[in-house]
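Let's take a walk through this model, one region at a time. Keep the 3D view open as you read.

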Amino acid sequence: MVITPGAKAALFALLKTVLRPGDEVLLPTPSWFGFDELVARAGGTLRTLPLSPDDNYALPAEQLRAALSERTRVLLFTNPGNPTGRRYNRAELAGWLQVAADFPDLYLLSDEIYDLIYFEPEPPVSLLDFPDPHDRHLVVNGFSKSLALIGWGLGYLVAPAPIAAACAAHQHATGAAVPAPLQAAALAVTEAAAEVAGRLIEQLQPTRTYLRDFLASLPASGQPLMPAGTYYAFPDLRAYLSPGLPAAPASAELVGRLRTAGVEVVDGTGCHAPGFARLSYAVAEADLATACERMAAVLR
């Protein structure tokens, strides 16, 4: 394990360590908007694997197999997913690992920073829960999401010893160790992880329900997919895009109208899903109610 100044630093160190010239990173999408730049700066070539909301962003093993090639060095995914909130279960991960066994140069890189924020009975499943006989499992996590240390700049990576050592050397050469008081705070919340995450989930339950009901009330929304994890929803707003514009400019135009009305959302274009938007419900219920009223005025 290597403690890093944030999860981004952990992701970049791992990508920089394992990628070779010409290597591809396969990224199931929709995805967190920061992955693209991290892969590019690490010297990789990004290739997306679009998933569909129609089957709740499922990734069957055979679809993964068809997307992999000899150039694919890293399968990069989030679990639970940002922005969709999709949680991939033990059986799904096991299927991916069966496929990965046929690609001896492939690393699996799992971003699990929202792992303790979930709304289903099944507890979190980590890539670390599976055997790794060929030392190809890489995991990134942090303390700002599930453990609520927002803004403290604390992350970590778990990797086979040679890769972890190379990442530590990279950090030593390009930055500095995470300050000891911050590491003490990380230790404290880790020792109280169940309590901290439990209280966070309890606080999120009413706003999650409120946002679900609001999205279901929109005339063109249909039944929204509600996140099984994280504190985001990722509704399909394509019915509200201005006709005659290409998807990405139309998506930006809609986000601009929402911003003018006083509602900040993340444009799904950056997540490889124009016309969708990432909404956070990790806010006070009164603030969420105001945001929904303003959003409804724009969409209706």
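How many bridges join β2 to β3, and do they run parallel or antiparallel? Six bridges link the two strands, and they run parallel. Bear in mind throughout that this is a predicted model.

## The β2 strand and its partner

Zoom in on that pairing and you'll find Val 25 of β2, whose bridge partner in β3 is Leu 46. Strand β2 is mostly covered, with six of its six residues buried. That goes for both faces: Glu 24, Leu 26 and Pro 28 are buried on one side, and Val 25, Leu 27 and Thr 29 are buried on the other. Buried here means under 20% relative accessible area.

## The sheet around it

Now zoom out. Strands β2 and β3 belong to an open sheet of seven strands, and the order across it is β1-β7-β6-β5-β4-β2-β3. The pairing in this sheet is mixed. At the edges stand β1 (2–4) and β3 (45–50), and each has a single partner strand, so one side of each is left without a neighbour in the sheet. Ignoring direction, neighbouring strands of the sheet are turned by 20° against each other on average.

Elsewhere in the sheet, β4 (residues 72–78) pairs with β5 (residues 107–111). Their pairing is in the parallel sense and covers five bridges. To find your way there, look for Val 74, which stands opposite Tyr 107 in β5.

## A helix on the sheet

Helix α1, residues 7–18, packs on this sheet. The strands it touches are β1, β2 (24–29), β4, β5, β6 (137–142) and β7 (155–158). As for how α1 is laid out, its direction makes about 160° with that of β6.

## The largest pocket

Which residues lie nearest the centre of the largest pocket? They are Ala 7, Trp 32, Ile 113, Ser 144 and Lys 145, out of a lining of 24 residues. The pocket holds about 350 Å³ of space.

Helix α1 turns up again here: it provides the largest share of the pocket lining, with four residues. Sorted by class, the pocket lining has 14 nonpolar, six polar and four charged residues.

## Cavities

There are also spaces closed off inside the model: three cavities of 30 Å³ or more are counted. The largest cavity has about 120 Å³ of space and a lining of 15 residues. Nearest its centre lie Pro 28, Pro 30, Thr 78, Gly 81 and Tyr 88.

Which strand gives the most to this lining? That would be β2, with three residues. Strands β2 and β4 each supply at least two residues of the lining of the largest cavity. By class, this lining divides into eight nonpolar, six polar and one charged.

## A look at Ser 280

Let's finish with one residue in another strand. Ser 280 lies in β10, residues 277–280. Is Ser 280 buried or partly exposed? With a relative accessible area of 33%, it is partly exposed.

What does Ser 280 contact, leaving aside its neighbours within four places in sequence? Its contacts are Tyr 231, Tyr 232 and Leu 288. Compare its position with Leu 27, back in β2: the two residues are 253 residues apart along the chain, and their C-alpha atoms are separated by 23 Å.

Terms used. Residues numbered from 1 in each chain as written. Predicted model: local features only at pLDDT ≥ 70, side-chain atom pairs only at ≥ 80, totals over all residues. Heavy atoms only, no water. Pairing = 2+ DSSP bridges. Axes fitted to C-alpha atoms, helices over the stretch in contact; angles between N-to-C directions. Contact = heavy atoms within 4.5 Å. 1 Å grid on protein atoms, 1.4 Å probe; cavity = no way out; pocket = protein on both sides within 12 Å on 5 of 7 lines; lining within 4 Å. Points joined across faces, edges and corners; volume = space filled by probe spheres on them. Nonpolar A, V, L, I, M, F, W, Y, C, P; charged D, E, K, R; others polar. Buried < 20%, exposed > 50% of the residue type's maximum accessible area, 1.4 Å probe, protein only.
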